[in-house]
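The report below describes a protein chain through its strands, its buried residues and the spaces within its fold. Please read it alongside the sequence and the model.

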Amino acid sequence: MHRRRLLAAAASATALGALAGCQGAFPTEDATTTPRSSTLPADVSTGDVAYTYGQPSGNRVADGAGDVTATEPVSVGLSGTPAWLVGAPDPSGDGTKWVVALEDGTLEAVRVVDGDATVAAVSPPSLPAGTPPAFDAHANRVLAPPRGTSTLTHPTPTPAGTVAVRADGSLQVGDRTHEVDPLPDARVVVGDEHAVVLAGATRQYDHGALGDGVEASDIATISLQDGSVSTFPVGRGVVEGTSPILADVTGDGTESILVTESDADAGARIVAYDHDGRVVARGPAVGSGYRWRHQLAVAPFHPDGVPEVAVVKTPHIGGTVEFYRRDGETFRLVATADGYSSHALGSRNLDGARAFDVDGDGTPELVVPTDDRLSLAVLSRTDDGVRRSGVLDPPATIRGNLATATVDGTTTLAATTTDLLTVWSR
């Protein structure tokens, strides 16, 4: 039996900004939109912020371990329909804190300690509708997009300065702007020596599965040392996504830029580049246009410790989880499992799965919704494929994304449903 606690609304609803302008259809503000500062946050470091996709690198992998399948979840009532979820260790050092952004932009926060949930304060009380929350738990604040920047994404602090997608179609890095035409909903990811953002906004591939018909034709890299920006074009079609994953796909300790490239003839494939734009490895295409692959995480899923890329092929029409390994200049498919859906058609929220060590054996598992989005499956890699090693049953249909928070090596998992936040903690 789920324990359910009612959560009062944190603030009044905000209104949707009107869509305006050029390729990216950047939202603009009206009189009812939450007031926003004109300045970028300057006092936040990359490591202080929790993102809906988990790691600052965009890799949806959580450190730590937590046997969430052996715990009774706590479910908390929300005042509206959830759109986004982010989690972090509570700054008190005890328990976790979760921030839910509702569809109207209202923010609601919950603190969970030893299976008990309480309403928590968070600032500001709301964001422009559609803005994903990036949460600085130490300051108990969500990073609101400053005036003049897109409300479909958030500012991202980096060692080179805060990076933000501007409403005029430029990219701001600290106090400098660069004309690289980033996607209006681009999420800036931060790696070892570079931040990366999807750029070269184009409508040449009109699939529209991710919230609009705008995709990226370029990848822009930002040096974390001096803030300089360079771009390179993708090899085939467009990048169909809102952010890359920065991760070691080869096992040699070198960071690559992993993206999903799509075109109208062959559909989607995963491709890894180095930071100079050279292809590291390329996977097979789906085989027909308008068929997507949702890249999720890079981790040593198999017990042998070799990095693998986890994706869901065609999550909207009968999804298949796929695991790939780099083999020379190719990503080789090594295991599959049918019946999973990591994304809702038309949503900008691409964070619908998480990887972490669920059973404490030192090897991460993939946690992903089933096709009907009524359960969360725990998928373990085995020598001969994939095994469903556990199931979590939220009280209703899963909406939005999964989130994790790790405290003292123990990972807690959370998901939102129609009007609930559900948290599994050991």
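In this predicted model, Arg-325 is in contact, leaving aside its neighbours within four places in sequence, with His-302, Asp-304, Val-306, Pro-307, Glu-308, Thr-330, Phe-331, Arg-332, Val-334 and Arg-381. The residue is found in strand β27, which covers residues 320-327, and Arg-325 counts as buried because its relative accessible area of 13% falls under 20%. Two acidic residues in that list of contacts, Asp-304 and Glu-308, also have polar contacts with the side chain of Arg-325, and their distances are given in the table further on.

A second buried residue with a side-chain polar contact is Thr-422, which lies in strand β35 (residues 420-424). Its relative accessible area is 1%, so Thr-422 is buried by the same cut-off of under 20%. Leaving aside the neighbours within four places in sequence, Thr-422 is in contact with Pro-73, Val-74 and Ser-75, with Pro-395, and with Leu-413, Ala-414 and Ala-415. Of these residues, Ser-75 makes a polar contact with Thr-422 through the side chains.

The polar contacts of these two residues are set out here.

| Side chain | Partner side chain | Polar contact |
|---|---|---|
| Arg-325 | Asp-304 | 2.8 Å |
| Arg-325 | Glu-308 | 2.6 Å |
| Thr-422 | Ser-75 | 2.8 Å |

Strand pairing is the next topic. Strands of a sheet pair through backbone hydrogen bonds, in either a parallel or an antiparallel sense. Strand β34 (residues 410-416) pairs with β33 in the antiparallel sense over seven bridges, and within this pair Leu-402 has Ala-415 of β34 as its bridge partner. Ala-415 is also among the residues in contact with Thr-422. The hairpin of β33 and β34 has two residues between the strands, and Asp-408 takes a positive phi near 50 degrees there.

Another hairpin is formed by β9 and β10, again with two residues between the strands, and Asp-114 in its turn has a positive phi of about 50 degrees. Five bridges join β9 (residues 107-113) to β10 (residues 116-120) in an antiparallel arrangement, with Val-112 standing opposite Ala-117 in β10.

An open sheet of three strands follows the order β4-β11-β12 with antiparallel pairing, and its edge strands, each pairing on one side only, are β4 (49-50) and β12 (141-142). Strand β11, residues 135-136, is joined to β12 by two bridges, and Phe-135 stands opposite Val-142 in β12.

Which residues touch the most other members of the largest nonpolar core? In this core of 36 residues they are Leu-171, Leu-183, Leu-198, Ile-219, Ile-257, Val-259 and Tyr-273. Strands that each supply at least two residues of the core are β13 (163-165), β14 (171-173), β16 (189-190), β17 (194-202), β18 (215-223), β22 (256-263) and β23 (267-273), and β17 provides the largest share, with six residues. Leu-171 is in contact, leaving aside its neighbours within four places in sequence, with ten-residue surroundings that include Val-163, Ala-164, Val-165, Val-180, Val-197 and Ile-222. A second, separate core of 18 residues includes Phe-301, Val-312, Ala-335 and Leu-366. In soluble globular proteins, nonpolar side chains tend to be buried together.

The structure also holds two cavities of 30 Å³ or more, and the largest of them contains about 100 Å³ of space. Of the 15 residues lining this largest cavity, Glu-240, Gly-241, Ser-243, Gln-295 and Leu-350 are the closest to its centre. The elements giving two or more residues to this lining are β22 and β25 (293-299), with β25 contributing the largest share, three residues. Strand β22 therefore appears both in the lining of the largest cavity and among the strands that supply the largest nonpolar core, where strands are counted as DSSP runs.

The second largest pocket holds about 410 Å³ of space. Its lining comprises 21 residues, of which Ala-50, Gly-54, Gly-87, Ala-88 and Pro-89 lie nearest the centre of the pocket. Two or more lining residues come from each of β4, β5 (61-65), β7 (82-89) and β33 (399-407). Among these elements, β4 is an edge strand of the open sheet, and β33 is the strand that pairs with β34.

Notes:
Residues are numbered from 1 along each chain as its sequence is written. This is a predicted model: local features need pLDDT of at least 70, side-chain atom pairs count only at pLDDT 80 or more; totals for chains, interfaces and linings use all residues. Side-chain values use heavy atoms; hydrogens and water are left out. Two strands pair if DSSP finds at least two bridges between them. Helices (H or I, at least four residues) and strands (E, at least two) are DSSP runs, numbered from the N terminus. Buried means under 20% relative accessible area, exposed over 50%, partly exposed in between (1.4 Å probe, protein chains only). A polar contact is a pair of N or O atoms within 3.5 Å; within protein, one must be able to donate a hydrogen and the other to accept it, and residues adjacent in sequence count only if both atoms are side-chain atoms. Contact means heavy atoms within 4.5 Å. A nonpolar core is a set of buried Ala, Val, Leu, Ile, Met, Phe, Trp, Tyr and Cys residues joined through side-chain atoms within 4.5 Å. On a 1 Å grid over the protein atoms alone, a cavity is a set of points where a 1.4 Å probe fits but cannot get out, and a pocket is an open set with protein on both sides within 12 Å along at least five of seven lines; lining residues have an atom within 4 Å of a point. Grid points are joined across faces, edges and corners, and a volume is the space filled by probe spheres set on the points.
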